[in-house]
Amino acid sequence: MAKIIKYKRSQFDKDIDTLVRKIKRSKVKFSYIVALSRGGLIPGVVLSHKLDLKLVPISWSTRDHEEKES
């Protein structure tokens, strides 16, 4: 059985704010945020809003031996 890790919303917010600060300090100009559909959309949306960047969701599945992008 997979180990359950408790991740509070307050910690999520702190982690996102840390990423935003590091990205802004890097002075690298990004055009968009890429987020994986299985687990990455929520942080991707929050980052795209905070950085005012377009979100590009990506879907990838190999469960049925199909590779899929959207």
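In this predicted model, helix α2 has the buried residues G44, V46, L47, S48 and L51, and these buried residues pack against α1, β1 and β2, the last of which spans residues 54-58. Three of the residues just named for α2, namely V46, L47 and L51, also belong to the largest nonpolar core, and the notes below follow that core before turning to an aromatic pair, a strand residue and a pocket.

**Helix α2 and the nonpolar core**

- The largest nonpolar core is made up of eight residues, which are F12, I16, V20, I33, V46, L47, L51 and L53.
- Two or more residues of this core come from each of the helices α1, covering residues 9-26, and α2, covering residues 41-51.
- Once residues up to four places away in sequence are set aside, L47 touches I16, L19, V20 and I33.
- Directly after α2 comes D52, a residue with a positive phi near 55°.

**The aromatic pair**

- The structure holds one aromatic pair, and this pair, formed by Y7 and F12, is edge-to-face because the ring centres lie 6.3 Å apart while the planes meet at 85°, an angle over the 60 degrees required.
- F12 counts as buried because its relative accessibility is 12%, which is under the 20% cut-off.
- Y7, by contrast, has a relative accessibility of 48% and therefore counts as partly exposed.

**Tyrosine 32 in strand β1**

- Y32 lies in strand β1, which runs over residues 32-36, and its relative accessibility of 45% means that Y32 counts as partly exposed.
- Beyond its neighbours within four places in sequence, Y32 is in contact with L53, K54 and V56.
- Although Y32 and L51 stand 19 residues apart along the chain, their C-alpha atoms are separated by 9.2 Å.

**The largest pocket**

- The largest pocket encloses about 160 Å³ of space, and the residues that line this pocket are I23, K24, K27, V28, K29, F30, L51 and L53.
- Sorted by class, the lining of the largest pocket consists of five nonpolar and three charged residues, with no polar residues.
- L51 and L53 are among the residues lining the pocket, and both L51 and L53 are also members of the largest nonpolar core.

Terms used: Residues are numbered from 1 along each chain as its sequence is written. This is a predicted model: local features need pLDDT of at least 70, side-chain atom pairs count only at pLDDT 80 or more; totals for chains, interfaces and linings use all residues. Side-chain values use heavy atoms; hydrogens and water are left out. Helices (H or I, at least four residues) and strands (E, at least two) are DSSP runs, numbered from the N terminus. Buried means under 20% relative accessible area, exposed over 50%, partly exposed in between (1.4 Å probe, protein chains only). Contact means heavy atoms within 4.5 Å. Rings of Phe, Tyr and Trp (its six-membered ring) pair if their centres lie within 6.5 Å; planes under 30 degrees apart count as stacked, over 60 as edge-to-face and the rest as tilted. A nonpolar core is a set of buried Ala, Val, Leu, Ile, Met, Phe, Trp, Tyr and Cys residues joined through side-chain atoms within 4.5 Å. On a 1 Å grid over the protein atoms alone, a cavity is a set of points where a 1.4 Å probe fits but cannot get out, and a pocket is an open set with protein on both sides within 12 Å along at least five of seven lines; lining residues have an atom within 4 Å of a point. Grid points are joined across faces, edges and corners, and a volume is the space filled by probe spheres set on the points. Ala, Val, Leu, Ile, Met, Phe, Trp, Tyr, Cys and Pro count as nonpolar, Asp, Glu, Lys and Arg as charged, and the others, Gly among them, as polar.
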